[in-house]
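Thanks, everyone, for making the time. I would like to walk you through one structure, beginning with the overall architecture and then moving into the interior.

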Amino acid sequence: MGTAPTMARSKSHNAAAAVAPSASSPLAWWKSTWALAAIGNVLWWASVAPLEWSLLAWLAPVSWVLLIRQTQLSGRRPYATIWLIHVAFWLATLYWLTLPHWATSIGWLALSGYLGLYLPLFVGLCRVAVHRFSVPALVAAPIVWTGLELARAHLLSGFTMVSLATTQYRWPMVLQISDLFGSYGVSFLVMLVAAALASVLPWDGRRRAWWPGLPAAT
């Protein structure tokens, strides 16, 4: 009597496994923590000097918001992975600190290690807001990012270089909002657009609404 239901459940499980590859599948590598963190950092690096492809700054945070959306981050130490990748971004971006004298390399390493903390902190705080308090990523991401940029500008004497806003200095139409909200308003806008893009991507096989209760975008 119990054979038919058991066989049905087994077939259903096998079908689901065939449709959705496991996290260890080679097809799912681009959904891993290190891949999503690296994609965003590479795009952000390309949007600042020397390349200054500023439009990529609007896409760079998309992969980080996808990290926020994931139910569980892959890897044994996902936040350490995000930190190491972000440290590599700062090392590449601030390489000019090594040019004046060999001793400045010590400050280059220390500053990059410190600045690397902000991305895992951003992902962690947003994940708490999204998964524990049910705050939409569209709201959490720009607020948390802007708050961390504000903190970075004041902690340890402050460091305001290489923000999302500074990548848009060639676009006067975007910079108009800085008259009212300063550079933090521009960073907020860039992150808001990236979060909106990430919210409508068919992540995990389905699209999500920008806001809970609204139908998902088609």
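If you read along the sequence, the protein chain follows the pattern α-α-α-α-α-α-α-α-α, which is to say nine helices and zero strands. Please keep in mind throughout that this is a predicted model, so let me turn to confidence before anything else. The mean pLDDT of the protein chain is 85, and 80% of its residues reach 70 or more. Over residues 4-24, however, pLDDT stays under 50, and for that stretch the model has two contacts beyond four places in sequence. The pLDDT is also below 50 over residues 213-218, a stretch that has eight contacts in the model beyond near neighbours in sequence.

As for the chain in general, 39% of its 218 residues count as buried. Among the contacts with a separation of 6 or more, 64% are accounted for by residues 24 or more positions apart.

Let me now move to the aromatic residues. The structure holds nine aromatic pairs, and I will describe two of them in detail. Trp 44 and Phe 89 form a stacked pair, with 4.7 Å centre to centre and 15 degrees between the planes. This pair links distant parts of the chain, since Trp 44 sits in helix H2, residues 33-47, while Phe 89 sits in helix H4, and the two are 45 residues apart. Trp 44 counts as buried because its relative accessible area is 1%, under the 20% cut-off, and Phe 89, at 4%, is buried by that criterion too.

The second pair, Trp 90 with Phe 159, is edge-to-face, with 6.0 Å centre to centre and 80 degrees between the planes. Here again distant parts of the chain are linked, with Trp 90 in helix H4 and Phe 159 in the loop between H7 and H8, 69 residues apart. Trp 90 is buried, and so is Phe 159. Both pairs belong to a wider arrangement, in that Trp 44, Trp 64, Phe 89, Trp 90, Phe 122, Trp 145 and Phe 159 form one aromatic cluster.

Some of these residues appear again when we look for enclosed space. How many cavities of 30 Å³ or more does a search of the whole structure find? The search finds one, and its volume is about 90 Å³. The lining of this cavity consists of Trp 44, His 86, Trp 90, Leu 115, Tyr 118, Leu 119, Trp 145, Leu 148, Glu 149 and Arg 152. By character, the lining residues divide into seven nonpolar, one polar and two charged. Helix H4 (78-93), helix H6 (118-132) and H7 each supply at least two residues of the lining, and H7 gives the most, with four.

From the cavity I would like to go to a residue that touches part of its lining, namely Ser 163. Its place is in the loop between helix H7 (137-152) and helix H8 (172-175). Not counting residues up to four places away in sequence, Ser 163 touches Trp 44, Glu 149, Arg 152 and Ser 187, and the first three of these names also occur in the cavity lining. Is Ser 163 buried or exposed? Ser 163 is buried, because its relative accessible area of 7% falls under 20%. Ser 163 and Thr 146 are 17 residues apart in sequence and 9.7 Å apart in space, C-alpha to C-alpha.

A second serine, Ser 112, is placed in helix H5, residues 104-115. Ser 112 is buried as well, with a relative accessible area of 0%. Leaving aside neighbours within four places in sequence, Ser 112 is in contact with Val 87, Trp 90, Leu 91 and Leu 94, so that we meet Trp 90 once more, the partner of Phe 159 in the edge-to-face pair.

Finally, a word on the pockets, where I will mention one. About 280 Å³ of space lies in the second largest pocket. Of the 16 residues that line this pocket, the closest to its centre are Val 48, Ala 49, Glu 52, Met 161 and Val 162. The lining of the pocket divides into nine nonpolar, five polar and two charged residues.

Definitions and conventions. Residues are numbered from 1 along each chain as its sequence is written. This is a predicted model: local features need pLDDT of at least 70, side-chain atom pairs count only at pLDDT 80 or more; totals for chains, interfaces and linings use all residues. Side-chain values use heavy atoms; hydrogens and water are left out. Buried means under 20% relative accessible area, exposed over 50%, partly exposed in between (1.4 Å probe, protein chains only). Contact means heavy atoms within 4.5 Å. On a 1 Å grid over the protein atoms alone, a cavity is a set of points where a 1.4 Å probe fits but cannot get out, and a pocket is an open set with protein on both sides within 12 Å along at least five of seven lines; lining residues have an atom within 4 Å of a point. Grid points are joined across faces, edges and corners, and a volume is the space filled by probe spheres set on the points. Ala, Val, Leu, Ile, Met, Phe, Trp, Tyr, Cys and Pro count as nonpolar, Asp, Glu, Lys and Arg as charged, and the others, Gly among them, as polar. Rings of Phe, Tyr and Trp (its six-membered ring) pair if their centres lie within 6.5 Å; planes under 30 degrees apart count as stacked, over 60 as edge-to-face and the rest as tilted. pLDDT is the predictor's confidence in each residue, from 0 to 100.
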